[in-house]
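Colleague: I should be grateful for a close look at the salt bridges in this model. Please set out which side chains take part and how they are placed.

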Amino acid sequence: MSDEPRNKDKTFDFPMMPIYGLDLGRELGSLDSRLGRVENDIQKLDAKIDNVDGRVNKCLVAIHRLDERSRNTNFMLGGTLVAVLAGIVLQLFFK
């Protein structure tokens, strides 16, 4: 059959078929290290959200101040208009 003599000591080596659960576990690292990385990522995101919340709060305060200023400006313009109209009425009717 074959020209090679069969040796009983020699066995056939099958190619290693990966066992995905074990190989993936080795590739991804231990569960504790993965959880540590996830916790670090969550802490980084929380810090970014706090930073954004701080900026939003500053913007809301600025908008509120601008709203108050515009109200004051409207009252001042209304008062000026009333004063001008009163001056015109006084000049026309009380000469």
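Modeller: Across the whole structure, which is a predicted model, the search finds 2 salt bridges. One of them pairs the side chains of Asp67 and Arg71, with 3.1 Å from N to O. Glu68 also forms a salt bridge with Arg71, and here the closest N and O atoms are 3.2 Å apart. Because the two bridges share a partner, Asp67, Glu68 and Arg71 are joined into one network.

The positions along the helix help to account for this arrangement. Asp67 and Arg71 lie 4 residues apart in helix 2, which covers residues 31–93, so about one helical turn separates them. Glu68 and Arg71 are 3 residues apart in helix 2, and therefore they too are separated by about one helical turn. As a general matter, side chains of opposite charge can pair when their charged atoms come close.

How exposed are the three partners? Asp67 has a relative accessibility of 32% and so counts as partly exposed. Glu68, at 31%, is likewise partly exposed. Arg71 has a relative accessibility of 42% and also counts as partly exposed. Since the buried class requires a relative accessible area under 20%, Arg71 at 42% does not fall within it.

The setting of the network may be described through the chain as a whole. The chain holds 2 helices and 0 strands. Of its 95 residues, 0% count as buried. The chain exposes about 9,800 Å², and carbon and sulfur atoms supply 63% of that area.

Helix 2 also contains Val89, which is partly exposed with a relative accessible area of 40%. Val89 belongs to a nonpolar surface patch of about 940 Å². The other residues of this patch are Leu81, Val84, Leu85, Ile88, Leu90, Leu92, Phe93 and Phe94.

In summary, Arg71 meets Asp67 in one salt bridge and Glu68 in another, and the three residues form one network.

Notes. Residues numbered from 1 in each chain as written. Predicted model: local features only at pLDDT ≥ 70, side-chain atom pairs only at ≥ 80, totals over all residues. Heavy atoms only, no water. Buried < 20%, exposed > 50% of the residue type's maximum accessible area, 1.4 Å probe, protein only. Areas by Shrake-Rupley, 256 points an atom, 1.4 Å probe, with all protein chains shown as cover. Salt bridge = Lys/Arg side-chain N within 4 Å of Asp/Glu carboxyl O. Patch = residues over 30% accessible without salt bridge, like charges linked within 9 Å, V, L, I, M, F, W, Y side chains within 5 Å.
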